[in-house]
Amino acid sequence: MCCDNAVRNNDQKQFVEEVLFFPDAQIACKEFFVGDGCRRLNCRFTHEHNSLSRLYTFLADAKQSLDVCVFVICCADLGDLLVTAHKNNVRVRVICDDEQIDITGSQIWRLRKEGIPVRTDNSSYLMHHKFVVIDGTHLLTGSFNWTRQAISGNQENLVALRNMRIVSQFSSEFEKLWKEFDPKRYNESSLHRYEDLPVS
Ligand SMILES: [Zn+2]
């Protein structure tokens with residue numbers, strides 16, 4: 001298995017329109033692809049490019065903004081990338097389903113604790129989207145939830161696009177939902193869920 005961190009992204013750095021299919025046969029090593037390099041002696045994650053390694057790269061390459069609108073977010077490695085982006089002054093906003101924020105492994109409270117604003121629907125219907133707008137110019141969308149099961153078990157797809165007509169429609173939808181899910185719009189009885197929601 002390749003262990004040369006210097007060459008890890010050379011042929012994969014550019015954003016190209018493509019479809020990522022899951023499941024991956026192995027979990028990609030986050031540190032190898034987007035961190036400071038993998039220092040594990042016997043890394044149990046793969047250093048071969050796969051769909052998750054591409055997703056890591058897309059998210060880590062954000063320069064200005066990450067608008068994440070995904071039904072369920074439980075994958076800690078993907079949560080790490082949002083926190084890192086936030087710390088690097090990328091504007092990160094997250095929308096997810098209100099019934100998914102307290103499930104096992106949910107990253108939502110951790111993201112909020114780090115100061116990332118997260119909004120949810122306030123409805124018995126599902127906030128079932130799975131898309132991310134990167135820097136207002138690139139889009140990832142498909143069936144893929146941010147869960148370990150989606151990465152290594154489920155049949156899933158994630159389409160990477162930079163067609164501005166399509167990207168701008170998703171951006172507009174995100175802005176519409178962001179306003180709609182503003183906790184200030186909710187009635188008092190549900191405000192307790194948003195006590196530590198960061199000011200955005
Ligand atoms: Zn590794």
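This passage describes the zinc site, the salt bridges and one annotated segment of a predicted model.

The zinc ion is held by four protein donors, namely the SG atoms of Cys 29, Cys 38 and Cys 43 together with NE2 of His 47, and these atoms lie 2.1 to 2.4 Å from the metal. Because the four donor atoms subtend angles of 108 to 111° around the zinc ion, the arrangement is tetrahedral. Along the chain, the donors follow the spacing C-x8-C-x4-C-x3-H. The pair formed by Cys 29 and His 47 links distant parts of the chain, 18 residues apart, since Cys 29 belongs to the loop between strand 1 (18–22) and helix 1, whereas His 47 belongs to the loop between helix 1 and helix 2 (51–60). Both of these residues are buried, Cys 29 with a relative accessible area of 0% and His 47 with a relative accessibility of 7%.

Turning to charged side chains, a search of the whole structure finds 11 salt bridges. In general, side chains of opposite charge can pair when their charged atoms come close. Lys 30 takes part in a salt bridge with Glu 31, in which the closest N and O atoms are 3.4 Å apart, and in another with Asp 80, for which the N to O distance is 3.3 Å. Asp 80 is located in helix 3 (residues 76–87) and Lys 30 in helix 1 (residues 30–34), so that this pair ties together parts of the chain that are 50 residues apart in sequence. With a relative accessible area of 12%, Lys 30 is buried, while its partner Glu 31, at 27%, is partly exposed. Lys 30, Glu 31 and Asp 80 are linked with Arg 40 and Arg 110 in a network of salt bridges.

A further salt bridge joins the side chains of Glu 114 and Lys 87, with an N to O distance of 3.9 Å. Glu 114 lies in the loop between helix 4 (108–113) and strand 4 (118–120) and Lys 87 lies in helix 3, so the contact ties together parts that are 27 residues apart in sequence. Glu 114 is partly exposed, its relative accessible area being 32%, whereas Lys 87, at 55% relative accessibility, counts as exposed.

Finally, an unreviewed UniProt entry places the feature "domain: PLD phosphodiesterase" at residues 123–150. In the predicted model, the C-alpha atoms at the ends of this span lie 24 Å apart, and residues 123–150 are 11% helix and 36% strand.

Terms used
Residues are numbered from 1 along each chain as its sequence is written. This is a predicted model: local features need pLDDT of at least 70, side-chain atom pairs count only at pLDDT 80 or more; totals for chains, interfaces and linings use all residues. Side-chain values use heavy atoms; hydrogens and water are left out. UniProt positions are given in the numbering used here, feature names are shortened, and annotations may be inferred rather than shown by experiment. Helices (H or I, at least four residues) and strands (E, at least two) are DSSP runs, numbered from the N terminus. A salt bridge is a side-chain nitrogen of Lys or Arg within 4 Å of a carboxyl oxygen of Asp or Glu. Buried means under 20% relative accessible area, exposed over 50%, partly exposed in between (1.4 Å probe, protein chains only). Donors are N, O and S atoms within 2.8 Å of the metal (3.2 Å for Na, K and Ca); water is not among the atoms, so sites may look incomplete. Four donors count as tetrahedral if all angles lie between 85 and 135 degrees; four count as square planar and six as octahedral if opposite donors are over 155 degrees apart and all others between 65 and 115; anything else is irregular.
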